[in-house]
Amino acid sequence: MGIFGALTTAVTGMRAQAFALENISGNIANSQTTAFKRIDTSFVDLIPDGDPMKQLAGNVVANSRATNTVQGDIQSASITTFMAINGQGFFVVEKPDNFVDNRPSFSGVDLYSRRGDFQLDQNGYLVNGAGYYLMGIPVDPTTGNLSGSVPTILQFQNGFLPAQATTNIDYRANLASYPLTPDHNTQIPGSELLNQSNFSANPVAGVATAAKIIGSGATLLPDAQAVLTGSVSIASLVSVGGNLVINGTPIVIAPGANAAAIQAAIVAQAGVTGVTASLDPGNKLVLTSADPKTNIAIGPATTFALFGELGLSAGTTNATNLLTQGAAAFPQTLSFTVGGNPPLVLNFGTGLGQIQTITDLNLALAGLVGGIASADPLNGNVTVTAINATDTIVVGGDANFAKFGIHTSTALPSNGSVIANDVSSFINESISGGAITAYDVAGSAVNIQLRWAKVDTALLGAGHTDSWNLFYQTNSAATGIQPAWQNAGATYTFGPNGQLNPPVNSVILPNVTVNGISLGNVQITHNVGGITQFADSNGNAQVNMLQQNGFPAGSLESVAVSDKGRIVGTYSNGRTVDLAEITLANFSGSNMLKRIDGGSFEATAESGTPTYNPAGKIIGSSLEGSNTDIADEFTKLIVTQQAYSANTRVITTSNTMVQDLLNMLR
């Protein structure tokens with residue numbers, strides 16, 4: 001080829017360096033373009049065929065060398081929908097063909113980009129700065145699972161997140177081993193417990209029972225005869241004689257009477273006075289009434305000398321019975337009515353058929369129709385139980401109920417509820433267990449109040465264990481016999497180590513209704529060791545966890561990108577919900593993708609088909625910068641300039657040689 005071949009070769013060299021210069025220029029121009037991938041230049045020699053001993057250096061051609069797999073620096077951004085890929089992969093995007101009524105239409109051809117400056121447009125699409133629309137896979141907001149496997153254009157309208165009803169409450173707490181309830185008294189064993197006698201219906205967890213009034217707290221003494229003991233010994237007495245007036249009857253004491261004669265005279269009139277006589281070990285005169293209904297009255301008309309001789313004084317010594325103890329008085333009454341049966345009316349007094357003693361009371365209570373009633377002969381506590389499981393018990397009359405240990409005027413069949421009339425007692429005998437807002441299926445909010453009541457304590461000795469019941473409020477405005485609180489239905493029994501024995505990992509509350517709002521069945525989950533009983537000087541329930549799974553409806557307010565590669569929506573109800581998963585595509589030949597405008601690429605036969613979810617990780621609120629290195633580009637610029645100049649020198653030299661050849665022929 002000779003001189004003319006050299007000219008041609010120099011021209012290809014200049015053309016190749018010009019091509020390289022164009023790439024360098026583009027790289028420098030896009031040094032601040034988001035996720036721009038620089039184009040390097042590779043040079044390929046073209047060798048003409050010939051004898052190996054006479055081969056030429058050949059021409060040169062310049063090709064582009066992509067750097068799609070070279071990552072740019074990742075920088076943080078304040079816009080929550082911006083995202084960057086750390087590692088391999090491309091966002092799957094599409095560009096609209098046209099717009100109809102300001103809404104884009106798409107051809108369905110997937111494109112790929114590393115440019116992550118996406119923001120919501122007016123139609124709810126995520127569009128990057130080059131106008132490409134992000135694709136991904138929607139997430140079911142209820143289950144959190146993907147709603148498909150093929151990427152689609154993502155659009156987030158300002159729709160509502162449907163309400164979710166509360167079905168589970170996670171609850172963990174420590175209960176003070178000795179609860180400091182308002183009614184507790186460290187000097188009275190069991191005062192920290194729920195006292196069933198203070199409730200119209202037994203609120204303690206267990207099988208439903210018939211209405212029952214449990215007498216508690218009565219302090220009456222058992223029925224007892226009147227006993228009057230003289231203050232002096234009459235062992236050697238020789239009486240001066242006279243009249244001893246007992247219960248209005250004069251008893252003649254003969255002059256010179258000794259102790260035996262005096263006893264005989266008193267006993268002789270016992271049928272009239274109801275009083276007998278004896279001597280105690282100290283030889284003192286002891287007067288005893290015939291029964292608990294008879295008092296001993298020493299009349300003032302008694303011969304004065306006898307007072308001194310016998311060690312007696314004028315006055316009355318009462319027998320021990322209901323009237324003398326002030327439990328009731330004539331003409332007071334006490335009545336019990338069970339269901340629709342006739343009432344049993346108890347009349348107190350000393351007359352015929354009237355009640356004076358606990359024995360009388362028990363005889364009368366035996367006549368109750370529809371129930372079983374009795375009075376404790378040792379303290380007077382009255383217990384009444386309905387025979388029919390649906391009957392109620394009503395207490396009436398003007399006698400003081402409390403004297404008989406009765407603290408409520410009505411008893412209802414037990415169903416684990418606390419009626420409004422008993423709320424004061426319940427609050428005073430329990431401790432707060434916290435409160436939480438729950439939601440019904442329509443998203444209506446309701447406040448669930450929880451309280452704990454200790455129902456038994458090991459401090460009472462053998463046969464007792466530390467046991468608790470959990471209650472929730474059902475009606476904060478309840479009145480009368482309307483239920484106000486409901487027992488959760490489980491007994492929490494603790495061992496000496498403060499752990500539940502047996503375990504109670506969860507409790508299901510059936511058909512929960514709070515203040516008229518129905519929640520349906522709600523499970524309270526404690527998990528293993530969630531409820532404990534350890535000593536606590538504060539004497540309360542220390543709540544360690546209280547959360548539920550319901551929420552009201554809400555409208556979408558904003559979206560953001562999480563580091564898990566998901567689009568997260570924030571709703572007006574405070575919920576954050578995964579809306580979509582961003583799909584990343586990867587190629588076996590990433591550098592063989594066809595570059596198009598806006599930092600996007602098209603798949604080619606050389607790049608291969610995309611595979612999804614590569615090892616790259618999405619970083620939210622960040623952007624990938626250009627991978628152009630300005631200093632490196634300047635270096636390549638100098639080298640390119642020198643190479644280009646060298647090729648021009650070849651042309652100049654070749655031209656001179658051609659001129660010399662022509663001059664030789666002239």
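This report walks through a sheet, two helices, a buried arginine and some salt bridges in a predicted model.

## A four-stranded sheet

Let's start with an open, antiparallel sheet built from four strands, which run in the order β24-β23-β27-β28. The edge positions go to β24 (344-347) and β28 (410-411); each has a single partner strand, so one side of each has no neighbour in the sheet.

Going through the pairings, β23 (residues 333-338) is antiparallel to β24, with four bridges between them. One pair to look for here is L334, whose bridge partner in β24 is L346. Four bridges also join β23 to β27 (residues 393-396), again in the antiparallel sense, and here V338 has I393 of β27 as its bridge partner. From β27 the sheet carries on to β28 through two bridges, with the strands antiparallel. In this pairing V394 sits opposite T410 of β28.

## Helix α5 across the sheet

Helix α5 (residues 358-365) lies across β23 and β24, and runs at about 160 degrees to β24. Which residues of α5 are buried? They are I358, D360, L361 and L365. These residues span an arc of only 155 degrees around the axis, so they sit on the same side of α5.

As for what covers them, the list includes β23 and β24, along with β25 (371-375) and β26 (382-386). So the two strands that α5 lies across are also among the elements that cover its buried residues.

D360 has a charged partner too: it forms a salt bridge with K293, and the closest N and O atoms are 3.2 Å apart. This pair ties together distant parts of the chain, since K293 is in the loop between β20 and β21 (296-298) while D360 is in α5, 67 residues apart. The two ends sit in different surroundings: D360 counts as buried at 14% relative accessibility, whereas K293 is partly exposed at 39%.

## Helix α2 and its cap

Now for α2 (residues 259-268), where the buried residues are A259, I262, Q263, A265 and I266. Looking down the axis, you'd find them within an arc of 160 degrees, so they line one face of the helix. The general reason is that an α-helix has 3.6 residues a turn, so residues three or four places apart point the same way.

The cover over the buried residues of α2 includes both strands and helices: β17 (242-246), β18 (249-253), β19 (275-279) and β20 (284-289), plus α3 (270-273) and α4 (304-310). At the N-terminal end of α2, N258 acts as the cap, with a side-chain oxygen 3.3 Å from the backbone nitrogen of A260.

## A buried arginine in a loop

R115 is worth a look. It belongs to the loop between β8 (111-113) and β9 (119-120). Is R115 buried or exposed? With a relative accessible area of 16%, R115 is buried, because the cut-off for buried is under 20%.

The side chain of R115 makes a polar contact of 3.0 Å with the side chain of D117. Setting aside neighbours within four places in sequence, R115 also touches T33, T34 and A35, then F91, then N128, G129 and A130, and finally G598.

## More salt bridges

How many salt bridges are there? The count comes to eleven, and the K293 and D360 pair described above is one example. Another joins K454 and D466, at 3.1 Å from N to O. K454 is in strand β31 (residues 445-456) and D466 in strand β32 (residues 466-473), twelve residues apart. Both ends are buried here: K454 has a relative accessible area of 1%, and D466 comes in at 13%.

In helix α7 (residues 630-665), K636 and E633 pair up in a salt bridge of 3.0 Å, N to O. They are three residues apart, which means about one helical turn separates them. E633 is buried, with a relative accessible area of 0%, while K636 is partly exposed at 23%. These two also belong to a salt-bridge network that links R38, D40, D632, E633 and K636.

Methods
Residues are numbered from 1 along each chain as its sequence is written. This is a predicted model: local features need pLDDT of at least 70, side-chain atom pairs count only at pLDDT 80 or more; totals for chains, interfaces and linings use all residues. Side-chain values use heavy atoms; hydrogens and water are left out. Two strands pair if DSSP finds at least two bridges between them. Contact means heavy atoms within 4.5 Å. Axes are lines fitted to C-alpha atoms, for helices over the stretch in contact, and angles run from 0 to 180 degrees between N-to-C directions. Buried means under 20% relative accessible area, exposed over 50%, partly exposed in between (1.4 Å probe, protein chains only). The arc is that of the directions from the helix axis to the C-beta atoms. A polar contact is a pair of N or O atoms within 3.5 Å; within protein, one must be able to donate a hydrogen and the other to accept it, and residues adjacent in sequence count only if both atoms are side-chain atoms. A salt bridge is a side-chain nitrogen of Lys or Arg within 4 Å of a carboxyl oxygen of Asp or Glu.
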